Amino acid sequence: MRSILTCVMIAYASLATAHDAPMGWSYDPYCCNGNSHNGDCQMIPSKSVAVTPSGYRVTLLPGDHRLVTHAHVFLLPMTKAMQSGDNDYHLCLFPNEDTPRCFYAPEMGY
């Protein structure tokens with residue numbers, strides 16, 4: 001009985017993975033909470049991201065991310081950016097809209 005319970009718990013834990021981005025790749029489990037309809041990770045408009053010498057300046061307005069209710073400007077170092085699985089920017093906000101948890105950026109080829 002104990003082994004059956006263990007197998008069920010392992011199967012359930014494997015289902016509790018990161019939700020998928022629109023193009024089918026998955027956000028890191030650490031980064032996302034919820035799913036693609038109510039989660040805290042979402043693609044953001046490329047017009048809201050500026051690459052600066054010190055990193056990324058992300059300016060979000062209501063409608064740019066499902067959790068954003070007022071204007072935000074986040075300054076994120078290049079070293080904190082994770083590679084997105086597509087050519088878009090994605091931002092995970094947790095535990096609230098004022099806190100960027102993970103930022104995904106397209107690969108910058110020069």
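Me: In what order do the three strands of the open sheet come, and is the pairing parallel or antiparallel?
Reply: Happy to help, and keep in mind that this model is predicted. In general, strands of a sheet pair through backbone hydrogen bonds, and this can happen in a parallel or an antiparallel way. Here strand 2 (49-52) and strand 4 (72-76) are the edge strands, each pairing on one side only. The order is therefore 2-3-4, and the pairing is antiparallel.

Me: Over how many bridges do strand 2 and strand 3 pair?
Reply: Look at residues 55-60, which make up strand 3. One bridge partner to find there is Gly 55, which sits across from Thr 52. Strand 2 and strand 3 run in the antiparallel sense, and the number of bridges is four.

Me: How many disulfides does the protein have?
Reply: A pair of cysteine sulfur atoms counts as a disulfide when they are within 2.5 Å. Cys 31 and Cys 102 meet this with S to S 2.0 Å, and Cys 41 and Cys 92 meet it with S to S 1.9 Å. The count is two.

Me: Why does Cys 32 not form a bond with the closest cysteine sulfur, and which residue holds that sulfur?
Reply: A disulfide needs sulfur atoms within 2.5 Å. The sulfur of Cys 32 is 4.9 Å from the closest one, so it is too far for a bond. Cys 32 does count as buried, at 9% relative accessibility. The closest cysteine sulfur belongs to Cys 41.

Me: How far apart in sequence are the parts tied together by Cys 41 and Cys 92?
Reply: Start with where the two cysteines are: Cys 41 lies in strand 1 and Cys 92 in strand 6. Both are buried, and their link is right-handed, with 110° about the S-S bond. The pair ties together parts whose separation is 51 residues.

Me: Is the link of Cys 31 and Cys 102 left-handed or right-handed?
Reply: This pair links distant parts of the chain, 71 residues apart, with Cys 31 in the loop between helix 1 (2-15) and strand 1 (41-44) and Cys 102 in strand 7. Cys 31 is buried, with a relative accessible area of 0%, and Cys 102 counts as buried at 6%. The angle about the S-S bond is -80°, and the link is left-handed.

Me: How many residues does the largest nonpolar core have?
Reply: Strand 3, strand 4, strand 6 (89-93) and strand 7 (100-105) each supply at least two residues of this core. Among those with the most contacts inside it are Ile 44, Tyr 56 and Phe 103. A second, separate core has nine residues, including Tyr 27 and Tyr 104. For the largest core, the number is 13.

Technical notes
Residues are numbered from 1 along each chain as its sequence is written. This is a predicted model: local features need pLDDT of at least 70, side-chain atom pairs count only at pLDDT 80 or more; totals for chains, interfaces and linings use all residues. Side-chain values use heavy atoms; hydrogens and water are left out. Two strands pair if DSSP finds at least two bridges between them. A nonpolar core is a set of buried Ala, Val, Leu, Ile, Met, Phe, Trp, Tyr and Cys residues joined through side-chain atoms within 4.5 Å. Buried means under 20% relative accessible area, exposed over 50%, partly exposed in between (1.4 Å probe, protein chains only).
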